[in-house]
Amino acid sequence: MSMTPEQIEAVLADHTSSLAMLDSIMKANKLGVKVTLAFRCAHSSLLFPADYCKQWGVKYGVGLGPRPVSEVLDSIYSVSPPDIQRQKIQSIDQIMHPVQHSMAEVHLVTVTEDELAAAAAIPMAADAGMKKRLPIIIERQLKNPQSKLPAIYAAWQMKGGK
Amino acid sequence: MQPVVISDGIAIANGSVNLNVIAQNDSLLPLQRAPFTGRGKLVATRSADGLKIAFQHGDRKVVAVSDITTVSGSTLEEPTHVVADNFYVEEGEVLLLLADNASGGSINLVYRLELIPLVGSGPLPPDTLVQLLGPISVSASTTDQQILQGTDFERPPKDAIGSIYMTSSTDTGTPTRQVYVDMQRIAPQSHITPSNRVPTVPFDISVGAFECPKNKLIQIPVSWGATGGSVFLRLQLQNLSR
């Protein structure tokens, strides 16, 4: 979504006294390249929209402290997935390494609108119960060499689990 | 006699209620029951929203089903991550830590339960009960008349001295709170600190040391201006009898 110069200036004013970013965005837009502001997670490089810091505690990051940090979920490979017997696991969806909010720094950057769409992070408020993020996380956990998930999945399926 | 520390970090499966977290770890099974009479402290964090815990010793509930602080990493810090630090267990009582993960993903619970031995005989002091809640969403330009609606300690089980700690997710819209006990206002409308986290002792004190008679309603209305937001609450009830 395109931002007007006034909207860009309003976001920049909260973070810097320089309008150099506004100049570079306007130049790029004149050349036909749609550039906008975003906040990049320092850990995952995923992008949050330009109102991320302004709407901290309202739309984003509720409960994550007073300073805007990244909401992006990270897998904790040093902690084993829940014990199948002891926690009475009934579905393969319950078998995964635990996740944590990365709480990494977020940096104000200029990106093209295509880049923003391709690397957009899914905010907490838009994904109650982690339903959208979970398939992405499990896919990553299955591929990560540190993960115990592939072996546990194989054993689960051998025993006829679903 | 030395203090005992029960400490673990465990993944709680999504969509599950774990009725006995301590027993999940074989090495902690000998500590399932209090080895001596002592004073207890519980410190805990979770790695993502959606996990709640509760704690009781014997049949005495100390921590009602509560949201705890969300952190990245597994370091427990005091006093910011302390859940309850003023309860007294008798030798042989079962220590039950419950974890309820209603979210869609596995969440890591890191906890530390410390027991410090008490020397001498005589009756034990009463426990201080704790409930942590949040985020409790309050819509824009509205007043939620009772954010404790339906919670365990909305009506204290015993005569107690109460303390309330509160934070809000944002200052935009100027959230305020009042406190009533048994329909009497004991705290007028006042601003809520915008710390955007589960309240910590003593930094987020909102109202301290007020009388809570047994079974009398504690009511906390919260009002919010144009934007709305969420509030976080810590209610502590220091029982006056065991």
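A cavity, for these notes, is a set of grid points where a 1.4 Å probe fits but cannot get out, and its lining residues have an atom within 4 Å of a point. I'm working on a predicted model, so everything below is computed from that.

**Entry 1: closed holes**

I started with the enclosed space. Rolling a probe the size of a water molecule over the atoms shows where empty space is left. My search turned up two cavities of 30 Å³ or more.

The largest cavity comes out at about 50 Å³. I listed its lining: Ala44(B), Ile68(B), Thr69(B), Thr80(B), His81(B), Val82(B), Val83(B), Leu132(B), Val198(B), Pro199(B) and Arg234(B). Sorted by class, that gives seven nonpolar residues, three polar and one charged.

The second largest cavity holds about 40 Å³. Its wall takes in Val62(A) and Gly63(A) from chain A, along with Arg46(B), Asp49(B), Ile68(B), Thr70(B), Gly134(B), Pro135(B), Val198(B) and Phe232(B) from chain B. Here I get five nonpolar, three polar and two charged residues. I noted that Ile68(B) and Val198(B) turn up in the lining of the largest cavity and again in that of the second largest.

**Entry 2: odd backbone spots**

Gly134(B) and Pro135(B), both in the wall of the second largest cavity, made me check the backbone there. The peptide bond joining Gly134(B) and Pro135(B) is cis, with omega about 5°. Pro135(B) sits in strand 9 of chain B, residues 128–138.

Where else did I find a cis bond? It runs from Val201(B) to Pro202(B), and omega is near 0°. Pro202(B) belongs to the loop between strand 13 (184–191) and strand 14 (205–212) of chain B.

Over in chain A, I flagged Met103(A): its phi is near 55°, a positive value in a residue other than glycine. Met103(A) is in the loop that runs between strand 4 and strand 5 (106–112) of chain A. I wrote these spots down because most residues other than glycine have a negative phi, and most peptide bonds are trans.

**Entry 3: the open pocket**

Next I looked at open space. The largest pocket has a volume of about 490 Å³. I count 20 residues in its lining, and the closest to the centre are Leu46(A), Val72(A), Leu73(A), Ile136(A) and Arg140(A). Strand 3 (73–75), helix 3 (113–118) and helix 4 (133–143) of chain A are the elements that each give two or more residues to the lining.

Which element gives the largest share of that lining? Helix 4 of chain A does, with four residues. The lining of the largest pocket splits into 13 nonpolar, four polar and three charged residues.

**Entry 4: where A meets B**

Then I turned to the interface. I have 31 residues of chain A in contact with 36 residues of chain B. The area buried between the two chains is about 2300 Å², and carbon and sulfur atoms give 50% of it.

How many salt bridges does the interface have? I find one between chain A and chain B. The partners are Arg86(A) and Asp26(B), with the closest N and O atoms 2.3 Å apart. I also have 17 residue pairs in polar contact across the interface.

On the chain A side, strand 4 (residues 99–101) gives the largest share of the residues that touch chain B, namely three. By class, that side of chain A holds 17 nonpolar, 12 polar and two charged residues.

**Entry 5: salt bridges overall**

To finish, I ran the salt-bridge count over all chains and got 15. I picked out the pair of Asp67(B) and Lys52(B), whose closest N and O atoms are 3.1 Å apart. Asp67(B) is in strand 5 (residues 60–67) of chain B and Lys52(B) in strand 4 (residues 51–57) of chain B, so this salt bridge ties together parts 15 residues apart in sequence.

How values were computed: Residues numbered from 1 in each chain as written. Chains lettered and ligands numbered in written order. Predicted model: local features only at pLDDT ≥ 70, side-chain atom pairs only at ≥ 80, totals over all residues. Heavy atoms only, no water. Contact = heavy atoms within 4.5 Å. Buried area = accessible area lost by both parts, 1.4 Å probe. Salt bridge = Lys/Arg side-chain N within 4 Å of Asp/Glu carboxyl O. Polar contact = N/O pair within 3.5 Å; in protein donor to acceptor, adjacent residues only side chain to side chain. Nonpolar A, V, L, I, M, F, W, Y, C, P; charged D, E, K, R; others polar. 1 Å grid on protein atoms, 1.4 Å probe; cavity = no way out; pocket = protein on both sides within 12 Å on 5 of 7 lines; lining within 4 Å. Points joined across faces, edges and corners; volume = space filled by probe spheres on them.
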